[in-house]
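Me: Please go through the side-chain pairings and the packing of this chain with me, one point at a time.

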Amino acid sequence: MLSREGVPFTAYNVDEDDRAYDELIARGFRTIPVTVFAEGTDVVDVVDVVIRGFDEPALMTAIADWRAKAGGQAPPDSQ
C-alpha cells in the first residue's frame, strides 16, 4: 500500500533481522505488521503514528496526514 501511494519507507524483516526483531519487542509490539510514521529519517525522531496490523482506513488516514505535512507530494526519490 505504501509503495502504491508513493510513500517512502524502510521495511524490516523480523524473521531474518535479529536487531529488527529485538527492537520490535523492546517497543512492546508482539505482532506484525507494525507501521510507524515518524518525522525525520529515524524512528527515534518524533513518532507521529503507529499502526498495528493491516488497518487500511488507519493507513490511508496516516498517508493523507503525511501528504499534508509533505506539501501534498512524495519526495522525488520515493518512486
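**Packing and pairing**

Reply: Isoleucine 63 is in contact (heavy atoms within 4.5 Å) with Met1, Leu2, Glu5, Val7 and Phe37, leaving aside its neighbours within four places in sequence. This is a predicted model, in which local features need pLDDT of at least 70 and side-chain atom pairs count only at pLDDT 80 or more, while totals for chains, interfaces and linings use all residues. Residues are numbered from 1 along each chain as its sequence is written, and side-chain values use heavy atoms, with hydrogens and water left out.

Me: Which helix gives the largest share of the largest nonpolar core?

Reply: A nonpolar core is a set of buried Ala, Val, Leu, Ile, Met, Phe, Trp, Tyr and Cys residues joined through side-chain atoms within 4.5 Å. The largest one has 8 residues: Leu2, Val7, Phe37, Ile51, Leu59, Ala62, Ile63 and Trp66. The largest share of this core, 4 residues, comes from H2.

Me: How many salt bridges does the count come to?

Reply: A salt bridge here is a side-chain nitrogen of Lys or Arg within 4 Å of a carboxyl oxygen of Asp or Glu. One of them joins glutamate 23 and arginine 27, at 3.1 Å from N to O. By this rule the count comes to 3.

Me: Which residues are linked in a network of salt bridges?

Reply: Glutamate 5 pairs with arginine 4, their closest N and O atoms being 3.5 Å apart. Glutamate 5 also forms a salt bridge with arginine 67, with closest N and O atoms 3.1 Å apart. This second pair links distant parts of the chain, 62 residues apart: glutamate 5 is in the segment before helix H1 (18–26) and arginine 67 is in helix H2 (residues 56–69), helices being DSSP runs (H or I, at least four residues) numbered from the N terminus. The network therefore consists of Arg4, Glu5 and Arg67.

Me: Is glutamate 5 buried or exposed?

Reply: Buried means under 20% relative accessible area, exposed over 50%, and partly exposed in between (1.4 Å probe, protein chains only). Its partner arginine 4 counts as exposed because its relative accessibility is 59%, and arginine 67, at 25%, counts as partly exposed. Glutamate 5 has 19% relative accessibility, so it counts as buried.

Me: Where does proline 33 lie?

Reply: Most peptide bonds are trans. The bond from isoleucine 32 to proline 33 is cis, with omega near 5°. Strands are DSSP runs too (E, at least two residues), and proline 33 lies in the loop between H1 and strand S1 (34–38).
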